[in-house]
Amino acid sequence: MLLAHCRGCHNTFAGINSFDIHRLDESVPEDQNNTCWEPESMGLVLTPDGIYGTIEEIEKRQIVAERLGKARAARGNAKS
Ligand SMILES: [Zn+2]
C-alpha cells in the first residue's frame with residue numbers, strides 16, 4: 001500500500017494527494033512547496049495508525065484492509 005513519508009515534518013500520508021495538500025497552500029503562492037502545513041488544518045484526517053490522508057484515501061485504505069482481512073479469514077477457514 002502506498003505511503004508517503006515527509007522528510008520535512010516526519011508525518012506519514014496515505015497517498016500523494018494528501019502529501020501534496022500538506023505541502024501546498026494556493027492562497028500563499030510564495031510558500032508553495034516550501035512549507036509543511038499542519039495536516040489537520042488542511043482538512044486531512046488522522047487514522048488510528050498515525051497516517052494522514054484525505055477522506056477518499058482513508059476510505060480506500062479501509063476498503064483494502066477489509067478485503068485483506070476477509071481474504072486472510074477465508075484462507076484460515078480453508079485450512080481448518
Ligand atoms: Zn511535511
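**Exercise 1. The largest pocket**

How much space lies in the largest pocket? Find the residues closest to its centre and the helices that line it.

*Solution.* The model is a predicted one.
Step 1. The volume of the largest pocket comes to about 190 Å³.
Step 2. The lining consists of 11 residues, and Ala14, Gly15, Glu57, Lys60 and Arg61 are the closest to the pocket's centre.
Step 3. Helices H1 and H2 (55–79) each contribute at least two residues to this lining. H2 gives the largest share, with five residues.
Step 4. Glu57 is among the residues closest to the centre, and its side chain makes a polar contact of 2.6 Å with that of Ser18. Ser18 belongs to helix H1. With a relative accessible area of 0%, Ser18 is buried.

**Exercise 2. The chain as a whole**

State how many helices and strands the protein chain has, and in what order its elements run.

*Solution.*
Step 1. The count is two helices and four strands.
Step 2. Read from the N terminus, the order is β-β-α-β-β-α.
Step 3. The chain has 80 residues, of which 26% count as buried.

**Exercise 3. The buried side of H1**

Which residues of helix H1 are buried, and how are they placed around the axis?

*Solution.*
Step 1. H1 spans residues 16–23, and its buried residues are Ser18, Phe19, His22 and Arg23.
Step 2. Around the axis these residues cover an arc of only 135°, so they lie on the same side of H1.
Step 3. The general rule behind such a pattern is that an α-helix has 3.6 residues a turn, so residues three or four places apart point the same way.

**Exercise 4. The zinc site**

Name the residues that coordinate the zinc ion, give the geometry of the site, and work out which parts of the chain Cys6 and Cys36 tie together.

*Solution.*
Step 1. The zinc ion is held by Cys6 (SG), Cys9 (SG), His22 (NE2) and Cys36 (SG), at 2.0 to 2.3 Å.
Step 2. The angles among the four donor atoms are 104 to 114°, and the site is tetrahedral. For comparison, the ideal angle for four tetrahedral donors is 109.5 degrees.
Step 3. Along the chain, the donors are spaced as C-x2-C-x12-H-x13-C. Cys6 sits in the loop between strand E1 (4–5) and strand E2 (12–13), and Cys36 in the loop between H1 and E3, so the pair joins parts that are 30 residues apart in sequence.
Step 4. Cys6 counts as buried because its relative accessibility is 2%. Cys36, at 27% relative accessibility, counts as partly exposed.

**Exercise 5. Two loop residues**

Are His10 and Asp49 buried or exposed? Describe the setting of each residue.

*Solution.*
Step 1. The loop between E1 and E2 contains His10. The relative accessibility of His10 is 58%, which is over the 50% cut-off, so His10 counts as exposed.
Step 2. His10 is not a glycine, yet it has a positive phi of about 60°.
Step 3. Asp49 is located in the loop between strand E3 (45–46) and strand E4 (51–53). Because its relative accessibility is 51%, Asp49 also counts as exposed.
Step 4. The side chains of Asp49 and Thr47 are joined by a polar contact of 2.4 Å.
Step 5. From C-alpha to C-alpha, Asp49 is 10.0 Å from Thr12 in space, with their positions 37 residues apart in sequence counted as the separation.

Note on methods
Residues are numbered from 1 along each chain as its sequence is written. This is a predicted model: local features need pLDDT of at least 70, side-chain atom pairs count only at pLDDT 80 or more; totals for chains, interfaces and linings use all residues. Side-chain values use heavy atoms; hydrogens and water are left out. Buried means under 20% relative accessible area, exposed over 50%, partly exposed in between (1.4 Å probe, protein chains only). A polar contact is a pair of N or O atoms within 3.5 Å; within protein, one must be able to donate a hydrogen and the other to accept it, and residues adjacent in sequence count only if both atoms are side-chain atoms. The arc is that of the directions from the helix axis to the C-beta atoms. Donors are N, O and S atoms within 2.8 Å of the metal (3.2 Å for Na, K and Ca); water is not among the atoms, so sites may look incomplete. Four donors count as tetrahedral if all angles lie between 85 and 135 degrees; four count as square planar and six as octahedral if opposite donors are over 155 degrees apart and all others between 65 and 115; anything else is irregular. On a 1 Å grid over the protein atoms alone, a cavity is a set of points where a 1.4 Å probe fits but cannot get out, and a pocket is an open set with protein on both sides within 12 Å along at least five of seven lines; lining residues have an atom within 4 Å of a point. Grid points are joined across faces, edges and corners, and a volume is the space filled by probe spheres set on the points.
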